[in-house]
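Trainee: I would like to learn how the words used for a protein model are justified, one step at a time. Could we go through them together?

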Amino acid sequence: MKRIKGGEEDGNGSSSESSPEACKKVRTQTSEDETPESDWVRLPQELLLHVFQYLPLLDRAYASQVCRRWNQAFHMPELWRYFEFELNQPASSYLKATHPDLIKQIITRHSNHLQYVSFKVDSSTESAEAACNILSQLVNCSLKTLGLISTARPSFMEVPKSHFISALTVVFVNSKSLSSLKIDDTPVDDPSLKVLVANNRDTLKLLKMSSCPHVSPAGILCVADQCYGLRELALNYHLLSDELLLALSSEKHVHLEHLRIDVVSENPGQHFHTIKKTSWDAMVRHSPKFNLVMYFFLYEDEFGPFFNEEVPVTHLYFGRSVSKEVLGRVGLHCPRLVELVVCANGLRPLDEELIRIAKRCTQLSAIGLGECEVSCSAFVEFVKLCGRRLSQLSIMEEVLIPDHKYSLDEIHWEVSKHLGRVWFPDMMPTW
């Protein structure tokens, strides 16, 4: 066989595989053509978008510095539809805040991409005013959802009313398809609600506006009269009226799914109006499956107007002490009750009241008792009547009073038997 000296060429004229120079050349070509970085750079835009959607904002910002293509992906409109502005003052809050430079970039480059926006502010007035300043600059966006959240106290109430209304009106006017609005604890008023209705009546489905003292019953009635697609509504009891319930029950209106009412006493001895049974009946006929959630923060002598006739409440929460008499009326007049939470009652056992509730509230599936008293025998009877439909049973250990039939050591076995699962009393409230 013919060989060239030095091993550079064999009989077929090919390069020798043992040549170090040739191996080095092959390795160099491979590293240039098949580097992992080049593979990542060539990712399809759709796949890169999918990856970015799973990254926190800060990680997306770091990734945008890798190359020009990734920086372009960082600014894709799809990544800016959902955004939560976190506005906190370092001196009064330990929570992280959205960087001011990022806020400027969003307003100048992505405001027309925003669709689902929320503002989370701390207790400072400065943070609430910053939120209003951002809202007033969203002139090119058409939001679908907006939420204003005060994490500590209602800081939006400290903002000048005119400033807040002006900022909110910008969103109402420019957003022609707003479907969800959460503005609890804000100085929103009747005229601004009229602007909301004029521009978003066909799309509004959810409105939460508890503790808005500048809104009148006429203002909320205007919303119900014209927003026929409204499915969820949350407000204070002073805004609830027979006229509102009848408007929500009209043939033009869709079936309401969720109505939350906060019944709050601002001053001891406050007077509360009564809602007619016929109005509640009209509501149930029109929306037979709607949830009526009621939160009570009243003093014991203020419950006079409530639960004297049938009320279609499904979820009932008592945040302050409530009397045996009121709980007795609940058992008589709340047949749709699904969940009951009693934070405090006093020192008189609730044996008869609980058993009555178990017998008459046949849909009850969750109950929580705090500073109350119930004999162990009555509690076992209550659980026996409700049976396995009790999916949540949160009872403080101090609530249960041992008697001649059951001790605290024995009761959990008996209750577990009727529930069909292991159960123990709570050491602390879980609601």
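Mentor: Let us begin with a term: helices, of at least four residues, and strands, of at least two, are DSSP runs numbered from the N terminus. With that naming, Asp185 is found in the loop between strand E4 (180-182) and H9. Please keep in mind throughout that this is a predicted model.

Trainee: How many helices and strands does the protein chain have?

Mentor: The secondary structure of the chain comes to 16 helices and 14 strands. Of its 431 residues, buried ones make up 45%.

Trainee: Why is Asp185 called partly exposed?

Mentor: Buried means under 20% relative accessible area and exposed means over 50%, with partly exposed in between. Asp185 has a relative accessible area of 27%, which lies between those limits, and therefore Asp185 is partly exposed. The backbone of Asp185 also deserves a look, since its phi is near 55°, a positive value in a residue other than glycine.

Trainee: What makes Phe307 buried?

Mentor: Its relative accessible area is 4%, which is under 20%, and so Phe307 counts as buried. Phe307 is found in the loop between strand E8 (291-297) and strand E9 (315-321), and its phi is near 65°, a positive value in a residue other than glycine.

Trainee: How do you know that Gln53 should be called partly exposed?

Mentor: The relative accessibility of Gln53 is 44%, and because this is neither under 20% nor over 50%, Gln53 counts as partly exposed. Gln53 lies in helix H3 (residues 45-53), and its C-alpha atom is separated by 6.5 Å from that of Leu79, although the two residues are 26 apart along the chain.

Trainee: Why does His99 count as partly exposed?

Mentor: His99 has 48% relative accessibility, and since exposed would require over 50%, His99 counts as partly exposed. This residue lies in the loop between E1 and H6. The C-alpha atoms of His99 and Phe85, which are 14 residues apart along the chain, are separated by 9.4 Å.

Trainee: Which residues lie nearest the centre of the largest pocket?

Mentor: His99 is one of them, together with Leu57, Leu58, Thr98 and Leu102, in a lining of 16 residues. The pocket has a volume of about 430 Å³. Helix H4 (57-63), strand E1 (82-87) and helix H6 (100-110) each supply at least two residues of the lining, and the largest share, four residues, comes from H4. By class, the lining divides into eight nonpolar, three polar and five charged residues.

Trainee: What lines the largest cavity?

Mentor: The structure holds one cavity of 30 Å³ or more, and about 30 Å³ of space lies in the largest cavity. Leu327, Leu340, Val342, Leu350, Glu353, Leu354, Ile357 and Leu369 line it. Strand E10 (339-344) and helix H14 (351-360) each supply at least two of the lining residues, with H14 giving the most, three residues. The lining has seven nonpolar residues, no polar ones and one charged.

Trainee: What makes helix H13 mostly covered?

Mentor: Seven of the ten residues of H13 (residues 324-333) are buried. The buried residues are Lys324, Val326, Leu327, Gly328, Arg329, Val330 and Gly331, and what covers them includes E9, E10 and H14. Leu327 has already appeared in our conversation, as one of the residues that line the largest cavity.

Trainee: Which two values describe a pair of packed helices?

Mentor: Two packed helices are described by the angle between their axes and the distance between the axes. Here, helix H8 (residues 161-174) and helix H9 (residues 190-200) pack at an angle of about 10°, with their axes 9 Å apart.

Trainee: Why is H8 called roughly parallel to H9?

Mentor: Angles under 35 degrees count as roughly parallel, and because the angle of about 10° falls under that cut-off, H8 is roughly parallel to H9. At the contact, Ile165, Thr169, Phe172 and Val173 in H8 meet Ser192, Val195, Leu196, Asn199 and Asn200 in H9. These residues divide into five nonpolar, four polar and no charged.

Conventions
Residues are numbered from 1 along each chain as its sequence is written. This is a predicted model: local features need pLDDT of at least 70, side-chain atom pairs count only at pLDDT 80 or more; totals for chains, interfaces and linings use all residues. Side-chain values use heavy atoms; hydrogens and water are left out. Axes are lines fitted to C-alpha atoms, for helices over the stretch in contact, and angles run from 0 to 180 degrees between N-to-C directions. Angles under 35 degrees count as roughly parallel, over 145 as roughly antiparallel, 65 to 115 as roughly perpendicular and the rest as oblique. Contact means heavy atoms within 4.5 Å. Ala, Val, Leu, Ile, Met, Phe, Trp, Tyr, Cys and Pro count as nonpolar, Asp, Glu, Lys and Arg as charged, and the others, Gly among them, as polar. On a 1 Å grid over the protein atoms alone, a cavity is a set of points where a 1.4 Å probe fits but cannot get out, and a pocket is an open set with protein on both sides within 12 Å along at least five of seven lines; lining residues have an atom within 4 Å of a point. Grid points are joined across faces, edges and corners, and a volume is the space filled by probe spheres set on the points. Buried means under 20% relative accessible area, exposed over 50%, partly exposed in between (1.4 Å probe, protein chains only).
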